[in-house]
Amino acid sequence: MLRFKKWKISQGKDFSLISQKYSVCSLAAKVAAARKNTIGEKELFSTSDSIYSPFELKDMDRAAEKINDAVDNGFKITVYGDYDTDGVTATVILYSYLEAMGADVSFYIPDREKEGYGLNADAVKKLADEGCQLIITVDNGIAAVEEIKLAKSLGIEVVVTDHHKPQANLPDCIVVDPHRADCQSKFKDICGAFVAFKLVAALDGGDYNGAFEQYAELVAVATIADVVPLVSENRTIVRLGLEKMRETSNLGLLSLIDASLSPDAEINSNAVTYSIVPRINAAGRMGSARRAAELLICDDEQYAAELCEEICAENNRRKEIENDILEQIEVKFQKEPSLLSDRVIVVCGDGWHHGVLGIVASKVVEMTGKPALVLSNDGGSATGSGRSVEGFSLFDALCSCGDVFTKFGGHSLAVGVTLDSDKVSLFRRLINDYARDKFLYMPESFISADAVISPSEITLAAVKELSLFEPFGKDNPSPTFALLDQSVQKLSAIGNAKHTRFSLSDGKTQYTALYFGKSVDEFKLLEGRQADLLVRLKVNVYAGQQSVTVQVVSIRPSAVDDDLFFKEKQLFDAVMRKEPLSKAQAEHIMPTREQAAEVYRFIKQVGGFGDSEDMLWFIFSEKMSRAKLSVILKAFEQANLLETVNGCLTLPAAQDKKDLFGCDILKFISGYLQK
């Protein structure tokens, strides 16, 4: 279903000056103008290969000296990692280097389900029993104050390398973390694997040559996976790593590439994000992340193929479990519509797999445009993950009701929680009370666009120039452009009817666009109408010929007032929550009999409507507000004149004549018309 999203279109100025300065076309110049305040015009056009010295990081010299001494003295060393892509690759980088140097080294990655994130007391005791003398953490450890005290009491020295922000007190050991208050490094937003990469260079006397040769690809994968800003040295390492990816000597990584990408596919940030990273993560989400580490370490082609096949199977199982949970959530929304009306969505189910709850929460945010927490109820305890939208800090929201949890943590856009199952309803109420008190209008999820363009600007040469700004990722996404007031014509199905091709025109230029993952049926109401679109432009190669693909990422009626549209949706949610209305608000959303009849006749005429209410509003946008349409549909439902079957608005087979204006929602609104 097509749900409208808020658009933020940059108003970058002076693009003509940039075009002249760098001899680039208007498309590239408009992207540079839109991003020069966040990235920097000079950096956008830079191809520098420089990485800051590893010794800029506070205490990196001490860490290198401690580890080199341990290797020389034959200490039993354990690299202690984490179960996501960043933690796995960081583990592989440092372990592989130390093993190649002849160290007595092993690695330990905690079990996501049984142990959770970071150093834990049981693991420390186990390592002590095995004779470990030095633990080196990667991608964790900055908050393990008590666990490191325990390690020291058991005779284990510890070196922490991490990239997360420290708490009030640092652990009592050597700590390398760019976010230390006393660390003067020039760039701090690096992932855990990049810190491990710098440690390897420091162990080699500060020379990056060997580290680049062996590990650039792994750092690139981790940097993309951890969604750190692709600027400064992150931009450099990802660009260099991607260049090496297809020819990598890492058999495990090569097996993942072969399993997930076609031989002629470009290996870019998107390919890593959607093909390679999910497979590495699946090992830790569905079982043991150790398998992913073993895959990236192994030097036997047959064993690599076997591990890769196993991990790919786990990734497929992960998708199936996600889809099953999402289907259960959609059923919950149908049975309890009040869940969808909340400012913050909290949904809980029995026995949902913990490893996928964060991904599911992200998809609920995508589905609803609202912050969401997805919890699993297991034996009296509910554990889960939350994801948010820009402008609403989930972490601050959790802090406002912290007493309800047995454990919680995270940051503004992603959190994890554990609480007693019988407190889930209380938590839902408290977090929504916080959102109500904090925001008159909740922040909305949005899509950013670099500029408004005309179809005449879309040429093969112009689109090729956009590669100047690669690699793309956080803070430097793939360029997105707005095409306004375009006529939609000639819809046709492609790709086993899963995707749609249609013709567009601005009255001067006619061109073809594609929308992937949406069928013709979902676009049939657009044909012959004027629409605004957000698109990405790609160079396509077929039979040796290059052409431009115009890929639609969002579409809606022309000239929609974003702020007004989303305030309308929030007004309807307020009605569903039965919050007080002003008389003006009540008059604004109260439909007439004629308006209700027109909507009813349309749904009857088309034999049911199988897309979102946003798309239905496309038809009635000139006749009524978005909120009024939602009120009409809810009134039909309450009067048993309309029902939802498999996501489709349909007319019940048998209908009793009902007084539409006697239904609950219209009676509620009418009560405020009298004031």
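**Exercise 1.** What percentage of the contacts with a separation of 6 or more in the protein chain is accounted for by residues 24 or more positions apart?

*Solution.* The model under study is predicted. Step 1: consider the contacts in the protein chain with a separation of 6 or more. Step 2: within this set, residues 24 or more positions apart account for 68%.

**Exercise 2.** Determine whether the protein chain is as compact as a globular protein of its length.

*Solution.* Step 1: the secondary structure of the chain comes to 25 helices and 20 strands. Step 2: for 675 residues the globule rule gives 26 Å, and the radius of gyration of the chain is 27 Å, which is close to that value; the chain is therefore as compact as a globular protein of that length. Step 3: for the extent along the principal axes, the C-alpha trace spans about 90 × 60 × 45 Å.

**Exercise 3.** Describe the burial of residues and the nonpolar cores of the chain.

*Solution.* Step 1: of the 675 residues, 53% are buried, that is, under 20% relative accessible area. Step 2: the largest nonpolar core holds 161 residues, and those with the most contacts inside it are Leu98, Phe502, Phe636, Leu666 and Ile669. Step 3: helix α8 (residues 192-203) supplies the largest share of this core, namely 10 residues. Step 4: a second, separate core has 41 residues, including Met286, Phe333, Leu373 and Ile431.

**Exercise 4.** Which residues does Phe636 touch, not counting those up to four places away in sequence?

*Solution.* Step 1: set aside the residues up to four places away in sequence. Step 2: Phe636 then touches Ala596, Val599, Tyr600, Leu641, Leu642 and Leu660.

Conventions: Residues numbered from 1 in each chain as written. Predicted model: local features only at pLDDT ≥ 70, side-chain atom pairs only at ≥ 80, totals over all residues. Heavy atoms only, no water. Helix = DSSP H or I, 4+ residues; strand = E, 2+ residues; numbered from the N terminus. Rg over C-alpha atoms; globule rule 2.2 N^0.38 Å. Buried < 20%, exposed > 50% of the residue type's maximum accessible area, 1.4 Å probe, protein only. Contact = heavy atoms within 4.5 Å. Core = buried A, V, L, I, M, F, W, Y, C linked by side-chain atoms within 4.5 Å.
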